Amino acid sequence: MDNVVLYPFNKITQGIIRFRDLTDFTVRAVVDFVLHKGKDAAELVEGRAAGIPVTDNFEEVFGLADTLILNDPGTSFGNNEGVYGEHKLSQLWRMLVVSAHEHKLRIISVHEIIDRPTLEWLLENGIMIEILPQIPASLQRRLHTEYVFPSPGDEIATYLSYFEMDVQITAYNRNICKVGIFATRGCLGKFTAQMSLFRALKQAGEKVQAIITEPTAALFNQPGGDIMKFIANKPLSQYPYYIHAAVREAEREGCDYVLLSGQGSLLPNENFVIAATKVSYLRALQPDLTILIAGYDDDEQIRDSLDILRVYGNSSRPFAILIPDKYEVDFGEYISKTPEEIEQRKEEIRSRFAAENVESVLDIGRLAAKLAGYKKTVKL
């Protein structure tokens, strides 16, 4: 794909726009039926226009593109249920897909499409939507050949066999600096921090790989870590070992750094399986350095997160604590902080948590040089 149209305008689209220089395609337009029609997508994201219109006239922009990338599976999900019904987005999604098909565009979805009526409708109309892969082919081979997973059956034997594999892999991933980026809650800017640091390290001449837990990893030619995409094809019990394998792959390719952004909040929730998975992939990563992103009223959550990182993340204190300049509170609605509020919160964190490096999420690139210097002091 060379020329791409995105749908819709949401936080995933914003991430693609913000880091489009790290992709190998050109974004021509963003289609949206609800938000910011007539605006420039780059101006909305970065504050400066780049000729990327947000429009509901998909027929017009399809003439500029060879690919449509959907980051919406055609049915309501997340916090958009009310918006979906109000604007009849299911019907509009189908109209959009039909038009892309008629224009002979390649249609890609970053999400798995699991809704049965949608799948049947696509089949009846002869429309094929590609699902972005989660695991690169080279890593897929390594996962199968170098990690011997127990066969389903005897649960006790399966449980015990994981101990054997755990012992075997503890000696790996020693010659690469592993940076874990976590947050006290969701939607605070983990992906933005990860990719900003990724870009800054690359510009500094470092060889770096990112394990991206947004469903867009393949667009940036990086391995994916989205749990939902992973369990669509593999057992959840293999997820921590996949994270370990991805780090090992980066190490074997000679990378100086691997950056993992956690998924959702670092803190456990009421779901036992998800809570266990958070701890498991943290242990599998064994970060050399951690970065924690925190909200403006999250002092208690910061303390809890620091305890988790100390116990499970091999970190006595994080390399840096970041705060967002804005955060999402509802579908397409954000609260933005003034420069004065940002500086006040940074000073509070410095004094309350003895944090040496405190920055806003967008300014994490400033820490690249410090990170490179600190890397020499960590035990690899």
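Before you start clicking, here is a word you will need: a residue counts as buried if its relative accessible area is under 20%, as exposed if over 50%, and as partly exposed in between (1.4 Å probe, protein chains only). Helices (H or I, at least four residues) and strands (E, at least two) are DSSP runs, numbered from the N terminus.

This is a predicted model, in which local features need pLDDT of at least 70 and side-chain atom pairs count only at pLDDT 80 or more, while totals for chains, interfaces and linings use all residues. Residues are numbered from 1 along each chain as its sequence is written, and side-chain values use heavy atoms, with hydrogens and water left out.

**Stop 1: helix α7**

Select residues 137-146, which form helix α7. Which residues of this helix are buried? They are Leu-139, Arg-142 and Leu-143. These three cover an arc of only 100° around the axis, so they sit on the same side of α7. The arc is that of the directions from the helix axis to the C-beta atoms. On the face turned away from this buried side, look for the exposed residues Ala-137, Arg-141, His-144 and Thr-145. Now add residues 239-252 to your selection: this is α11, against which the buried residues of α7 pack. Contact here means heavy atoms within 4.5 Å.

**Stop 2: helix α5**

Next, select residues 89-102 to show helix α5, which has 14 residues. From its first C-alpha to its last, α5 reaches 20 Å, close to the 20 Å expected at 1.5 Å a residue. That expected span is 1.5 Å times one less than the number of residues in the helix. Colour the buried residues of α5: Leu-89, Trp-93, Leu-96, Val-97, Ser-99 and Ala-100. Seen down the axis, they fall within an arc of 160°, so they line one face of the helix. An α-helix has 3.6 residues a turn, so residues three or four places apart point the same way. Just after α5, click on Lys-104, which takes a positive phi of about 60°.

**Stop 3: an open sheet**

Here the strands come into view. Two strands pair if DSSP finds at least two bridges between them. What is the order of the six strands in this open sheet? It is β3-β2-β1-β4-β5-β6, with parallel pairing. The edge strands are β3 and β6 (130-131), each of which pairs on one side only.

Walk through some of the pairs:

- Select β1 (residues 3-7) and β2 (residues 26-31), which pair in the parallel sense over four bridges. Asn-3 has Thr-26 in β2 as its bridge partner. Between β1 and β2 the chain passes through helix α1 (residues 11-18), and this β-α-β crossover is right-handed. Right-handed means that, with the strands pointing away from the viewer, the path from the first strand over the helix to the second runs clockwise.
- Add β3 (residues 54-55), which runs parallel to β2 and is joined to it by two bridges. Val-30 has Val-54 in β3 as its bridge partner.
- Add β4 (residues 67-70), which pairs with β1 in the parallel sense over four bridges. Val-4 stands opposite Thr-67 in β4.

While you are here, pick out Gln-14 in helix α1. Gln-14 is buried, with a relative accessible area of 10%. Not counting residues up to four places away in sequence, Gln-14 touches Phe-9, Val-45, Lys-326 and Tyr-334.

**Stop 4: strands β8 and β9**

Select residues 208-211, strand β8. Val-208 and Ala-210 point one way, Gln-209 and Ile-211 the other way, and all are buried. Four bridges join β8 to β9 (residues 257-261), and the two run parallel. Ile-211 has Leu-260 in β9 as its bridge partner.

**Stop 5: the nonpolar cores**

A nonpolar core is a set of buried Ala, Val, Leu, Ile, Met, Phe, Trp, Tyr and Cys residues joined through side-chain atoms within 4.5 Å. The largest one has 52 residues, of which Ile-17, Val-179, Tyr-257, Ile-291 and Leu-322 touch the most other members. Helix α9 (residues 190-203) gives the largest share of this core, seven residues. Apart from this core lies another, of 43 residues, among them Tyr-239, Ala-250, Leu-292 and Ile-308.

Then click on Thr-290 in strand β10 (residues 289-293). Thr-290 is buried, with a relative accessible area of 0%.

**Last stop: Tyr-159**

Finish at helix α8 (residues 155-169), where you will find Tyr-159. Is this residue buried or exposed? Tyr-159 counts as exposed, at 54% relative accessibility.
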